[in-house]
Amino acid sequence: MSNTELYTKKPLPSKLLIFGAVVTLIGAAMSGIAFAGDVQRASFGLIMALMLLISVGFGSLFLIALEYLVGADWSVPFRRITEIVAATSIISILVAIPLLLNLHEVFTWLRPELLQADKYVAKKAPYLNETFFLVRVIIAFLIMAAFYYIFSIRSFKQDLNPTEGFRKTSAKFAALFMPVFAITISVIAMDWMMSLNPKWFSTIYGVYYFAGSVLAALAVVTFIAITLGENGYLSKKLSNDHYYNFGALMFAFTNFWAYIAFSQFLLIWYANIPDETLWFMDRTQGEWMILSLILIFVKFGIPYFALLTRPSKGNPFRLRIIAAWIFFAHVYDMYWNVGPEYSKLAGLKGPVYGLAELAAPIITIGLIAVVFYLVGKGKNLMPVNDAKFKKSLDFHL
Amino acid sequence: MEEKILHSVTGIFETPDDIIKAAKGVSSAGYKKYDIHTPYPVHGMDKAMKLPWSPLGYVALVLGLTGASLAILLMWWTMSVDYPIVIGGKPLFALPAFIPVTFELTVLSASIGTVLAMIIFLFKFPNTSHPLHDTPYIKKVSSDKYGVSIEASDKMFDLNKAKDFLHKLGAKDIEEIYWDNEELNTVKTIWDKKFLGGLVMIAIIVGGGTYFAINKLVYMTPFNWMMEQPRLDAQSVPVYFNDGFSMRQPVEGTVARGWMPYLITDADTAQLSDAKYMNPVPPTEFNLNKGQRNYNVFCSPCHDYHGTGVSRLKAANKQDFPNPPSLHSAKLRGWSDARIYHVITKGQNTMPSYALQITPEERWQIVHYVRTLQRAMNAKPEDVK
């Protein structure tokens, strides 16, 4: 049986592009209206959108590297989907540009009057200054672009003319990717989100964002994979056992996120040092306290029990609902990270939500759909020439 | 040959794919009591054997929840009820701090409990033997072959049919496995006297051995780092500071906590009548009672319970300790409180200082009591009214 018999190409429907474009435009319009009203608030909304897009895109690159490194079989049929979704990391530049023009609106460390007032922030100036920030942002995007080329584009080419030893070189790049990824995603998390509160210290914040990012990427890939599989875009040989592993990984990373989030809280709560507690003080006062408690259930409690049993992981229908839930839990998590900083800056007591904040997930979803259509158009949706492809379709638990 | 009871029929397969096919075949043929043996876990076996969901998950859930609640209960009781100590300014019931321990206990009791439940209920501990043991079949399937055994206790079992069936599935080395008579005749339960006795023996030996090993063989001083730390030994040269001290000197004029230096000497007692040396302790009932108690303890042996100066000390051992003067003399009644305080603190001639035994507050309380005694002995006319 040749690989083409295992998988027949079915072009993506243009409905997807229309859907994506409409949703993106709605999101962009919402954000635009928000910008017209309050540039600061709209910028905070865009930070959430940026962090979501990087989560999904960069997290997908991580999933690809992980597959090569551990030599996983089950995920090979879905790798092409992950490779396409990884393009969101590049497209996130679109969201970064309006932000880069309005950096002074969001980052208090860019306001000299504040720097003088706070000697701790002033001491961080060698890291937190505009030039170095821009340098880091550019390097981070270059790194994402480079690995998008290495993992995704090389794999796309593989479909047309297979190269010998493709897996081996990819695995080597994956090994290089891991430490680079660890540093880059930490820097991204610190630069865009943690520095919203420049006084704050937390050494685990990068890992926190990483845990959430992998969850978000997994959720998006799972959702797309199950939807495509159900509508006959993927091989008929895929079984529930393949999808089961998405559930298992999401379960693992749900626990990992809870572990990291709790560790960050426990250590800061226990040591009780003002430079560290201030961030949690913002999130445990007044209405924010309720939102913080909700986060525990939304991002940990509910996915945990929803994914705990074996049947729930083996049932693609349920898995897709949980994947959507986890994606929105990550949206909520980003809001929980960014929102209080805006409220504090704007002198508000509690949380605010409106066009500016809602635009973030809408733009993200729209852009993912558009990117998926544009990149995936005319390509095989499964890596048919992968050495492991045939074997991976036979995978069972 | 004596009559033997058949346990099962076994067949050997060569590859994991074959055994999956065989498992599917046996389960769809309707056999219920059969088993598959493989040298390592073969993926997809559960489904091929149509195994129902294992109930062990529920055991783990219940035990995990038990462990979690026990942990919380233990910490709540010890930390907030039985021996409440404020640690790091945290509340007595500091939930975040309890979560790691709760998590550990959940995992621990769930995993240990599940393994025990599996051994006791599913493996029917202490029954450790099985007819398949010590057969050529089990030797093969535990090294490099895969095997099926169909048990004779299955409802639809028929020896020849089963053999034919295995043959059709492609099995090799089809064998009949018989019960060992000894296995059949010995019934093992947990309540077996020998087994329980063995458990007790093991407990005693392990407990005793551990006690001996830890307390005698490898005894280690607990917390010896205070002894091991760099310190100044007598007759040795201090190494930490160049000035020859092993500790830093306190800042000039430093006063120890709760202690005030008493600078007045016998030479300048005259100033003690000054108003600024007033008795700082109010003459409340509580203070008088304490004064009385301490006077009776410390002063009465020499000064008598009423301050008359008839010394019990002298009466007791007839030694040459002088009787002290009466505390009711006009001189003493004219003294200020601080002057009496001074005598207690510094002593006077043969009377020793009580500064070490009696705290300043207690001294002032005693002074109040002495005043009460004086007043009682020298009542003014208006006191009698």
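Contact here means heavy atoms within 4.5 Å. The model on screen is predicted.

**Stop 1: chain A as a whole**

Select chain A and colour by secondary structure. The chain has 19 helices and zero strands. Its length is 397 residues, and 56% of them count as buried. Among contacts in chain A with a separation of 6 or more, 85% join residues that lie 24 or more positions apart.

**Stop 2: Glu341(A)**

Stay in chain A and select helix H17, residues 316–345, where Glu341(A) is found. Is Glu341(A) buried or exposed? Glu341(A) counts as buried because its relative accessibility is 3%, and the cut-off for buried is under 20%.

Now show the residues around Glu341(A). With neighbours within four places in sequence left aside, Glu341(A) is in contact with Phe44(A), Leu196(A), Asn197(A), Trp279(A), Asp282(A) and Arg283(A). For one of these, Trp279(A), there is also a polar contact, side chain to side chain, at 3.5 Å.

**Stop 3: the interface of chain A and chain B**

Select the residues of each chain that touch the other. Chain A gives twelve residues to the contact and chain B gives 13 residues. The size of an interface is often given as the accessible area lost when the parts come together. For chain A and chain B the buried area is about 1,100 Å², with 69% of it on carbon and sulfur atoms.

Next, look for polar links across the interface. Three residue pairs are in polar contact between chain A and chain B, both residues of each pair being at pLDDT 80 or more. On the chain A side, helix H13 (240–271) and helix H16 (310–314) each supply at least two of the residues that touch chain B. The largest share comes from H13(A), with six residues. By class, the side of chain A that touches chain B consists of seven nonpolar, three polar and two charged residues.

How many salt bridges does the rule find across the interface? It finds one between chain A and chain B. To see this salt bridge, select Asp241(A) and Lys47(B), whose closest N and O atoms are 3.4 Å apart.

**Stop 4: strand E3 of chain B**

Move to chain B and select strand E3, residues 146–151. Six of the six residues of E3(B) are buried, and the strand is mostly covered. Turn on the side chains and compare the two faces. Tyr146(B), Val148(B) and Ile150(B) point one way from the strand, while Gly147(B), Ser149(B) and Glu151(B) point the other way; all are buried.

Which strands pair with E3(B)? Add strand E1, residues 6–13 of chain B, which runs antiparallel to E3(B) and is joined to it by six bridges. Within this pairing, Thr10(B) stands opposite Ser149(B). Then add strand E2, residues 34–37 of chain B, which pairs with E3(B) over four bridges, also in the antiparallel sense. Here His37(B) has Gly147(B) as its bridge partner.

**Stop 5: Asn181(B)**

Last, select helix H7 of chain B, residues 181–185, which includes Asn181(B). Asn181(B) counts as partly exposed because its relative accessibility is 25%, and partly exposed lies between the 20% and 50% cut-offs. Finally, add Pro131(B) to the selection. Asn181(B) and Pro131(B) are 50 residues apart along the chain, and their C-alpha atoms are separated by 10.0 Å.

Key. Residues numbered from 1 in each chain as written. Chains lettered and ligands numbered in written order. Predicted model: local features only at pLDDT ≥ 70, side-chain atom pairs only at ≥ 80, totals over all residues. Heavy atoms only, no water. Buried area = accessible area lost by both parts, 1.4 Å probe. Salt bridge = Lys/Arg side-chain N within 4 Å of Asp/Glu carboxyl O. Polar contact = N/O pair within 3.5 Å; in protein donor to acceptor, adjacent residues only side chain to side chain. Nonpolar A, V, L, I, M, F, W, Y, C, P; charged D, E, K, R; others polar. Buried < 20%, exposed > 50% of the residue type's maximum accessible area, 1.4 Å probe, protein only. Pairing = 2+ DSSP bridges.
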